[in-house]
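Subject: Structure handover

Hello,

Here is the structure I promised to pass on. Please open it and keep it beside this note as you read.

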Amino acid sequence: MLYVPRENTLHVVLVDEADQMTPQAQLAFLSKLDGTAFPPQTCFVFTANDTERLQDRFLSRCMVLQFQSHGIAKEAASLLERIWTAEAGESAERPNFLRMVQDGKNNVRNAVNSLQVELLAL
């Protein structure tokens with residue numbers, strides 16, 4: 001049986017942690033990204049914590065979108081509070097949620113991990 005995608009189908013190729021790719025892996029993507037062998041109706045998404053290890057010619061074929069955590073502390077603290085209330089209830093003494101976010105340098109994953117440690121101590 002041969003699978004043929006429908007006409008208006010978009011394929012997404014997600015390459016997570018692309019900043020860890022070897023130069024050879026980046027080179028392998030170049031022919032795909034420059035159009036000579038680009039798969040039809042396909043969108044490539046590369047995630048990276050930093051673009052420093054990515055070659056300039058690789059980056060020139062990508063649209064680089066910068067994401068920042070600046071200004072999210074209040075919303076992240078609110079998320080921690082909702083998690084705390086759901087898991088510990090209203091009567092448990094609440095930690096300083098904003099401090100947890102700030103200590104984690106606005107990294108939500110770090111803040112949630114810190115919250116889990118607090119919850120385990122109950």
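Glu-81, Glu-90 and Arg-94 are linked in a network of salt bridges. Please bear in mind that this is a predicted model.

Start with Arg-94, which takes part in two of the contacts described here. Its side chain meets that of Glu-90 in a salt bridge, at 3.1 Å from N to O. Arg-94 also forms a salt bridge with Glu-81, and there the N to O distance is 3.7 Å. This second pair links distant parts of the chain. Glu-81 sits in helix α3, which covers residues 73-88. Arg-94 lies in the loop between α3 and α4, and α4 covers residues 97-103. The two residues are 13 apart.

Why do such contacts form? Side chains of opposite charge can pair when their charged atoms come close.

How open is the network to the outside? Glu-90 is exposed, with a relative accessible area of 60%. That value is over the 50% cut-off, so Glu-90 counts as exposed. Glu-81 is partly exposed, at 36% relative accessibility. Arg-94 is partly exposed as well, with a relative accessible area of 30%. Both values fall between 20% and 50%, which means that neither residue counts as buried or as exposed.

Now move to helix α4. How many salt bridges does the structure hold? There are 3. One of them joins the side chains of Asp-103 and Arg-99, at 3.5 Å from N to O. Both residues are in helix α4. They are 4 residues apart, so about one helical turn separates them. Is Asp-103 buried or exposed? Asp-103 counts as exposed, at 55% relative accessibility. Its partner Arg-99 is partly exposed, at 43%.

The last item is a nonpolar patch on the surface. Which residues make it? They are Leu-10, Val-12, Leu-14 and Val-45. The patch has an area of about 380 Å². Val-45 is placed in strand β2, which runs over residues 42-46. Its relative accessible area is 32%, so Val-45 is partly exposed. Patch residues need over 30%, so Val-45 meets that cut-off.

To look at these yourself, begin with the network of Glu-81, Glu-90 and Arg-94. Then go to the Asp-103 and Arg-99 pair, and finish at the nonpolar patch.

Best wishes

Technical notes:
Residues numbered from 1 in each chain as written. Predicted model: local features only at pLDDT ≥ 70, side-chain atom pairs only at ≥ 80, totals over all residues. Heavy atoms only, no water. Salt bridge = Lys/Arg side-chain N within 4 Å of Asp/Glu carboxyl O. Buried < 20%, exposed > 50% of the residue type's maximum accessible area, 1.4 Å probe, protein only. Patch = residues over 30% accessible without salt bridge, like charges linked within 9 Å, V, L, I, M, F, W, Y side chains within 5 Å. Areas by Shrake-Rupley, 256 points an atom, 1.4 Å probe, with all protein chains shown as cover.
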